[in-house]
Amino acid sequence: MNIADQTFPAVDSANEDRAQAIRDQLRDAIVDRRLAPGTKLSEGEVGTLFDVSRTVARAALQMLSFEGLVRTERNRGAFVANPSPEEARQVFASRRLIEPGIAIAAAGRMTPDHVAAFKAQLDEEGRFIAERGPNARRSEIKASGDFHLLLASVAGNAILQRFMEELVARSSLVIALYGRSGVSSCGHSEHMNILEALENGNSERASALMLHHIDHIEADLDLRVRSGPALRQALEF
């Protein structure tokens, strides 16, 4: 299905902004794994939690559906997407095709300001790794994905950056469902090695390290399904 096939609820500008804000909060909860694959997202409950109409709640859920983070079923409602093993393989196959090229592009555009931004991001990632508890774990997962999004931003291709936003989000779903280690599976030390290659302008090494890194993430997957909290608890209402 493409964008021309989508049917979105009619909302005015103010409600569209509200739907976008709700979409962002739900997306964050999905991406950092507070909402597990398969969690039901009732329009009524979303509307109640955010104090909006069902129309606004439906618009937010359909935005997530278009991104592939939510699936809708006739007469059943909306659910956090529950990727199959084949879909998981396709996510990482897509990342193998895209991210080594992003690393090459980024290596040719690195500036001292970019290096400083990466180092600050890695410091944050390392701090969360050293902490304990569910909040630190969620922050670590998000920081790990942010490394890849920052790299896509430095590469300077807005289209690829949008693709990466979706792929990182879908990867989080896959890791939530199939990850064996229970952590972000995105190695901090591997990020540091990639940054070193980028800082040195070694595009071939950065590309090769990225490919190895993606292989490592996928190698941490198995087929065991994990459960998670309900919508209200995941959003901490």
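**Figure 1. A network of salt bridges links Arg23, Asp24, Arg27 and Glu67.** The view is taken from a predicted model, as are the views that follow. Within the network, the side chains of Arg23 and Asp24 meet in a salt bridge, with a distance of 2.5 Å from N to O. Arg23 has a relative accessible area of 15% and is therefore buried. Asp24, in contrast, counts as partly exposed because its relative accessibility is 30%. A further salt bridge of the network joins Arg27 to Glu67, and here the closest N and O atoms are 3.1 Å apart. This pair links distant parts of the chain, since Arg27 belongs to helix H1 (residues 13-31) and Glu67 to helix H3, 40 residues apart. Both Arg27 and Glu67 are buried. Side chains of opposite charge can pair in this way when their charged atoms come close. A search of the whole structure finds 14 salt bridges.

**Figure 2. Three strands form an open sheet in the order E1-E3-E2.** The pairing in this sheet is antiparallel. Strand E1 (40-41) and strand E2 stand at the edges, each with a single partner strand, so one side of each has no neighbour in the sheet. In general, strands of a sheet pair through backbone hydrogen bonds, in either a parallel or an antiparallel manner. In this structure, strand E2 (residues 70-73) and strand E3 (residues 77-80) run antiparallel and are joined by 4 bridges. One of the positions to locate in the view is Arg71, which stands opposite Phe79 in E3.

**Figure 3. Strands E2 and E3 form a hairpin with 3 residues between them.** The loop between E2 and E3 contains Asn75. The phi angle of Asn75 is near 65°, a positive value in a residue other than glycine. With a relative accessibility of 79%, Asn75 counts as exposed.

**Figure 4. Arg71 and Glu73 are joined by a salt bridge.** The closest N and O atoms of the two residues are 2.8 Å apart. Both partners can be described by their accessibility. Arg71 has a relative accessible area of 29% and is therefore partly exposed. Glu73 also counts as partly exposed, because its relative accessibility is 25%.

**Figure 5. Asp51 lies in the loop between helix H2 (43-50) and helix H3 (54-67).** The phi angle of Asp51 is near 55°, which is a positive value in a residue other than glycine. Asp51 counts as exposed, at a relative accessibility of 72%.

**Figure 6. Helix H5 (residues 112-130) has a buried side and another side with exposed residues.** The helix has 19 residues and reaches 27 Å from its first C-alpha to its last, close to the 27 Å expected at 1.5 Å a residue. Its buried residues are Val115, Phe118, Gln121, Leu122, Glu125 and Phe128. Because these residues cover an arc of only 150° around the axis, they lie on the same side of H5. On the other side of the helix, Pro112, Asp113, Asp123 and Ala130 are exposed.

**Figure 7. His148, a residue of helix H6 (residues 134-155), is shown with its side-chain contacts.** With a relative accessible area of 2%, His148 is buried. Its side chain makes a polar contact of 3.3 Å with the side chain of Arg95. A polar contact of 3.3 Å also joins the side chains of His148 and His191.

**Figure 8. Helix H9 comprises residues 203-219.** This helix of 17 residues reaches 24 Å from its first C-alpha to its last, close to the 24 Å expected at 1.5 Å a residue. The residues Ala206, Ser207, Leu209, Met210, His213, Ile214, Ile217 and Glu218 of H9 are buried.

Definitions and conventions. Residues are numbered from 1 along each chain as its sequence is written. This is a predicted model: local features need pLDDT of at least 70, side-chain atom pairs count only at pLDDT 80 or more; totals for chains, interfaces and linings use all residues. Side-chain values use heavy atoms; hydrogens and water are left out. Two strands pair if DSSP finds at least two bridges between them. Helices (H or I, at least four residues) and strands (E, at least two) are DSSP runs, numbered from the N terminus. The expected span of a helix is 1.5 Å times one less than its number of residues. Buried means under 20% relative accessible area, exposed over 50%, partly exposed in between (1.4 Å probe, protein chains only). The arc is that of the directions from the helix axis to the C-beta atoms. A polar contact is a pair of N or O atoms within 3.5 Å; within protein, one must be able to donate a hydrogen and the other to accept it, and residues adjacent in sequence count only if both atoms are side-chain atoms. A salt bridge is a side-chain nitrogen of Lys or Arg within 4 Å of a carboxyl oxygen of Asp or Glu.
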